[in-house]
Amino acid sequence: MSQSGIQKSIESVLRETRTFAPPATFSATAHINSEQQYEAMWNRAKDDPSGFWADMASNLDWFRRWDTVMQGHMPDTKWFVGGKINACYNCVDRHLDGPNRNKAAIIWEGEPGDTRVLRYQDLHREVCKFANVLKKLGVQTGDRVTIYMPMVPELAIAMLACARIGAVHSIIFGGFSADAVADRNNDAQAKVIVTADGGWRRGKEVPLKVAVDASLDKSASVEKVVVVRRTGGDVDMIPDRDFWWHELMEDVSADCDAVPLDSEHPLFILYTSGSTGKPKGVMHTTAGYLLGTTMTTRWVFDLKEDDTYWCTADIGWVTGHSYICYGPLSNGASVVMYEGAPNWPDEGRFWEMIEKYRVSIFYTAPTAIRAFIKWGNHWPEKHDLSSLRLLGSVGEPINPEAWMWYHKIIGQERCPIVDTWWQTETGAIMISPLPGITATKPGSCARPLPGVVPDIVSREGQSLGPNEGGLLVMRQPWPSMLRTLYGDHDRFRKTYFSDVPGCYFAGDGARHDEDGYIWVMGRVDDVLNVSGHRLSTMEVESALVSHPKVAEAAVVGFPHEIKGEGICCFVSLKSGDGDDALKKELIGHVRNSIGALATPDQIRFAPSLPKTRSGKIMRRLLRDVAAGRESTQDTTTLEDLSVLAKLRADEE
Ligand code: WTA
């Protein structure tokens, strides 16, 4: 979006003036409970980051203290250089010394209603055993392990086992297709893949092992497959390649020391979409990431010893990595984990679970909230939600109506809402209300956390004043920032550090208001945010043009009531006219290439796509067409004006 485009879109946003002060009872016991405390922390972190983060690092257990807190400049800053640490040790072992050894670490519920509780002691035993399994399969420190699993406890166990021995996990969301798994296996050169026969979703089995088998035809680096038996469905097990989890676990010991790793040892790779077609392997390292997630969990969720904490994300996304696994477990929390869909067996499932487990902190996404609104208030009203004390939101800008509903119907006007802005690349929450002090404004993620120095700038890098829309950038490095894109450091530098000189920029437009509150307006690049999941338009386009009948495709987002953004594909064919059967075929083709999350909402056939004289597809214009808006855009550079008329005529 151009600067004037950004500004226009802000001006069209209704200014939100309501504010909601935190309840005095909440503030009284909050970890951060005064404005002065926040300001002192924020200023210290900005002016003396080494001193501030060294103090914070005492919240982690180290095998060896670091020599240097911060070394080098952005983008190549290293943190806690010389230190030795292990993320798994911090999430598990260190809770075994006191009474927490008997505390529930993971309270799990499967979609069919089966449950399991793993105390910290149990988690330790399972993780140690699986770490020994990995070693037995030949996995060594630094090797990559793909994890492609349903939301079962073994997923958390597998990731922590990797962290324990210094293997780098690459978790792929279970909704991705076999092709997507193969691409990621290849990029990471994964040696082992951990999966399950399947998982449950809306009463149906998601056949994960079948997808793994198909992916392995195209990814040669993978030597061994470990399969959790979850659904009991039929699977092919190939001798010497495929092994059942439960059989491997039978003959390994439960003793396995956590390996002391360098602070900058890679912890995981997580693939995410960028502006170009190929997914990016965002790489995080151990100490900085762990510190960021540990501290933000404490500050933002105000986590206390007796909280029951539930983040509804899937561990396949960064939210699950940081706020189901590493952040909460490092703090010794009791974490609820759920396998299935929110509307199975009915639309009251989440509220039933909150009542059943007495959940006190609940963290979900705006797309889910919009679905709850549509399903009706009678679902939450059937349940006792009085255990809740704090609500969170993540993934996309939350519209004020959804915020107000969340506040009234779920929070019963009692619970602060933390609207947390961050990204796969930032590792941890960057901008968020602090629930004990921030007067929240519906739709704003409020102010930066300590250690986060954002700015809103023009394309030229000039800081902008209140209510001027621009690019949201970071001016200083922070411990949990990504270190590279796996195998492509050049792309890392170009993607995040070349648009605005001296700053980190990863795609969002924003403004700040007179009170310094930040309002994120969404992506300004070619990345769609569909139900809080990032998808690049180019990825969908390249899937479309890989179909033999397609000559050219352009993909844009359009406002969608539930998903936030829907996917609209403009397709021109090599020959002939498109019909409904071909639309269906193309939708299926995109699903097979990327996964169900990329299912197009609209396919529109066009004889050709509107282009500028230099041959660039006019995406803004297509966005207007997709949204059914009259285009306000200057069309004098259109190569063929009649194309636009044709596209509109195609609107059903
Ligand atoms: C968007 C998810 C507004 C944003 C943690 C960002 C948000 C992208 C918010 C990252 C929020 C996330 N308000 N927008 N509270 N949270 N976003 O990498 O566009 O899956 O760049 O990380 O989601 O998505 P990702």
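Colleague: What makes the pair of histidine 547 and glutamate 585 a polar contact?

Modeller: This is a predicted model, and in it the two side chains come to 2.8 Å. The cut-off for a pair of N or O atoms is 3.5 Å, so the contact between histidine 547 and glutamate 585 counts.

Colleague: Where does histidine 547 lie, and why is it called buried?

Modeller: Histidine 547 is in the loop between helix H18 (537–545) and strand S28 (550–560). Its relative accessibility is 5%; buried means under 20%, so histidine 547 qualifies.

Colleague: Good, let's turn to the rings. Why is the pair of tryptophan 310 and tyrosine 338 called edge-to-face?

Modeller: The structure holds 37 aromatic pairs. In the pair of tryptophan 310 and tyrosine 338, the centres are 6.4 Å apart and the planes make an angle of 90°. Pairing asks for centres within 6.5 Å, and edge-to-face for planes over 60 degrees apart, so both conditions are met.

Colleague: What makes this pair a tie between parts of the chain?

Modeller: Tryptophan 310 belongs to strand S16 (residues 308–311) and tyrosine 338 to strand S17 (residues 334–338), so the pair joins parts 28 residues apart in sequence.

Colleague: How do you know whether these two residues are buried or exposed?

Modeller: With the limit for buried at under 20%, tryptophan 310 counts as buried at 1% relative accessibility, and tyrosine 338 counts as buried at 6%. Ring pairs also link both into a cluster with Phe350, Trp351, Phe362, Phe372, Trp375 and Trp405.

Colleague: What makes you say that lysine 441 lies over the face of tyrosine 517?

Modeller: Lysine 441 is 4.4 Å from the ring centre. The distance limit is 6 Å, with a second condition of 35 degrees from the ring normal, and lysine 441 is listed as lying over the face. Arginine 184 lies over the face of phenylalanine 176, also at 4.4 Å from the ring centre.

Colleague: Now the ligand, please. How do you know which protein atoms make polar contacts with it?

Modeller: Set each distance against 3.5 Å. A backbone N or O atom of threonine 420 is 2.7 Å from a ligand nitrogen. Ligand oxygen atoms are 2.8 Å from a side-chain N or O atom of aspartate 508 and 2.7 Å from one of arginine 534. The protein buries 96% of the 520 Å² that the ligand exposes when taken alone.

Colleague: What makes up the shell around the ligand?

Modeller: The shell has six nonpolar, six polar and five charged residues. Helix H12 (318–330) and strand S25 (518–523) each give two or more residues to it.

Technical notes. Residues are numbered from 1 along each chain as its sequence is written. This is a predicted model: local features need pLDDT of at least 70, side-chain atom pairs count only at pLDDT 80 or more; totals for chains, interfaces and linings use all residues. Side-chain values use heavy atoms; hydrogens and water are left out. A polar contact is a pair of N or O atoms within 3.5 Å; within protein, one must be able to donate a hydrogen and the other to accept it, and residues adjacent in sequence count only if both atoms are side-chain atoms. Accessible areas come from the Shrake-Rupley method with a 1.4 Å probe; for residues, only the protein chains shown count as cover. Helices (H or I, at least four residues) and strands (E, at least two) are DSSP runs, numbered from the N terminus. Ala, Val, Leu, Ile, Met, Phe, Trp, Tyr, Cys and Pro count as nonpolar, Asp, Glu, Lys and Arg as charged, and the others, Gly among them, as polar. Rings of Phe, Tyr and Trp (its six-membered ring) pair if their centres lie within 6.5 Å; planes under 30 degrees apart count as stacked, over 60 as edge-to-face and the rest as tilted. Buried means under 20% relative accessible area, exposed over 50%, partly exposed in between (1.4 Å probe, protein chains only).
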